[in-house]
Amino acid sequence: YTDNNDAANDLYGYKWTYDPDGSVDKRIKANFSADYTPFYQAAQYNPGTSVTGSNVSKWYVPALGEWYVAWKSLGSWDGTLTSPLSVNIAAINKTFTDAGGTALRNSDYWNSTEFSGLMRPTVYITPTSIYLGSNATHNLTGFVRPFATF
């Protein structure tokens, strides 16, 4: 992708996690804990209850566009790509906790999108805003919020 606007259309987190064509070294990132730690962690995620059905995917690291969809539907984000993004974090966290999950922390979270020859693997979430990640490497510490599609 060339910029944030292009990256907003990246809905392929599942591909970047599980498809060998989703990595330059043709390895399935979900299988390698040392080299692709966030992807491996997402693939190993166990929510504590069975998620079954033919329409449910495996857990994966969401692409930036998939985070955007979540912020629009859960956090009343208007889609304006400025940093910080104006997102209702309290509403998102209420949705997560009402479903038995945990609230987002004030920290970096991984996404699986890369663009412009740079790696922009994280979004930084605060109690009131979301900042688009800056250039970083895979060894950056951050949280993994696995997604699954239905």
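Accessible areas here come from the Shrake-Rupley method with a 1.4 Å probe. On that basis, the protein exposes about 8100 Å², and carbon and sulfur atoms supply 50% of this area. The structure is a predicted model, a point worth keeping in mind throughout what follows. Of its 150 residues, 39% count as buried.

The overall fold is a good place to start. The secondary structure comes to 5 helices and 5 strands, and along the sequence these follow the pattern α-α-α-α-α-β-β-β-β-β. The radius of gyration is 15 Å, close to the 15 Å given by the globule rule for 150 residues, so the protein is as compact as a globular protein of that length. The C-alpha trace spans about 40 × 35 × 25 Å along its principal axes. Among contacts between residues at least 6 apart in sequence, 55% join residues that are at least 24 apart.

Turning to the strands, S1 and S4 pair in the antiparallel sense over 4 bridges; within this pairing, Tyr-109 has Val-123 of S4 as its bridge partner. S4 also pairs with S5, again in the antiparallel sense, over 3 bridges. Here Ile-125 finds its bridge partner in Ile-130 of S5. A hairpin of 4 residues provides the link from S4 to S5.

The packing of side chains can be followed from these strands into the interior. The largest nonpolar core has 23 residues, and those with the most contacts inside it are Trp-67, Trp-71, Leu-85, Val-87, Val-123, Ile-125 and Ile-130. Two or more residues of this core come from each of helix H4 (64–75), helix H5 (89–98), strand S4 (122–125) and strand S5 (130–132). Helix H4 gives the most, with 5 residues. Another core lies apart from this one; it has 7 residues, among them Trp-16, Tyr-36, Phe-39 and Ala-42.

Two residues give a closer view of the surroundings of S4. Leaving aside residues up to four places away in sequence, Ile-125 touches Trp-67, Ile-89, Leu-104, Arg-105, Asn-106, Ser-107, Tyr-109 and Ile-130. Ser-107, for its part, lies in strand S1 (residues 107–110). With the same sequence neighbours set aside, Ser-107 touches Val-123, Tyr-124, Ile-125 and Phe-143. Is Ser-107 buried or exposed? Its relative accessible area is 17%, and because buried means under 20%, Ser-107 counts as buried.

Note on methods:
Residues are numbered from 1 along each chain as its sequence is written. This is a predicted model: local features need pLDDT of at least 70, side-chain atom pairs count only at pLDDT 80 or more; totals for chains, interfaces and linings use all residues. Side-chain values use heavy atoms; hydrogens and water are left out. Buried means under 20% relative accessible area, exposed over 50%, partly exposed in between (1.4 Å probe, protein chains only). Contact means heavy atoms within 4.5 Å. A nonpolar core is a set of buried Ala, Val, Leu, Ile, Met, Phe, Trp, Tyr and Cys residues joined through side-chain atoms within 4.5 Å. Two strands pair if DSSP finds at least two bridges between them. The radius of gyration is taken over C-alpha atoms; the globule rule is 2.2 Å times the number of residues to the power 0.38.
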